[in-house]
Amino acid sequence: MSSITDEVNTKRILVLNGPNLNLLGTREPEIYGRLTLSEINDVLHARAKELGVDEINFLQSNFEGELVEAIQKARGRYDFILLNAAALTHYSIALRDAIAAIPVPVIEIHLSNIHKREDFRNNSVIAPVVMGQICGFGIDSYIAALEIAVRKLKI
Ligand code: DQA
């Protein structure tokens, strides 16, 4: 039996990818794997459908400002953001402030384990303002983030 709560419990998810992730497939495959971003997005799209997600949209940008605007516009439009901020993770206070400025929960994703790579990748300036971070599992980092977002939205 459906209730009013079920009816308003929408699941709209935005997947954001930052600089150089458009090169996945050929970019340092020993670190990031051989799947292209569009292949990853196809898998997420299919999984989202299975999980009953109402809407899932994807944006990749090499430009910090475009990602900041996408995060700002997510307020009231999306219920969750899955974000691989790529290199911006490590220095973009603008991205951190945009995340902190909106009530939409964000899950931070990385294909690689940023904590066992170069020192400059060990710190995430966005980590303190996201719900949580998943890293080191390749495409499974994205899938796990999607599954967690859906579970959180059902609670
Ligand atoms: C990355 C890790 C970052 O340090 C790097 O700059 C990326 C990808 C990852 O998914 O492992 O571009 O976010």
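Me: Which atom of the ligand does a polar side-chain atom of Arg 27 lie 2.9 Å from?

Reply: Look for polar contacts, meaning pairs of N or O atoms within 3.5 Å. Here, the partner of Arg 27 is an oxygen atom of the ligand, at 2.9 Å. Keep in mind that this is a predicted model, where local features need pLDDT of at least 70, side-chain atom pairs count only at pLDDT 80 or more, and totals for chains, interfaces and linings use all residues. Residues are numbered from 1 along each chain as its sequence is written, and side-chain values use heavy atoms, with hydrogens and water left out.

Me: How far is an N or O atom in the side chain of His 90 from an oxygen atom of the ligand?

Reply: That distance is 2.7 Å. Arg 121 also has a polar side-chain atom 2.9 Å from a ligand oxygen. As for cover, the ligand on its own has 320 Å² of accessible area (Shrake-Rupley method, 1.4 Å probe), and the protein covers 99% of it.

Me: Where does the ligand sit?

Reply: Rolling a probe the size of a water molecule over the atoms shows where empty space is left. A pocket is an open set of points on a 1 Å grid over the protein atoms alone, where a 1.4 Å probe fits, with protein on both sides within 12 Å along at least five of seven lines. Sitting in one takes more than half of the molecule's atoms within 2 Å of its grid points. This ligand sits in the largest pocket.

Me: How many residues line the largest pocket?

Reply: Lining residues have an atom within 4 Å of a point, and there are 15 of them, with Tyr 32 and Ala 86 among the closest to the centre.

Notes. A polar contact is a pair of N or O atoms within 3.5 Å; within protein, one must be able to donate a hydrogen and the other to accept it, and residues adjacent in sequence count only if both atoms are side-chain atoms.
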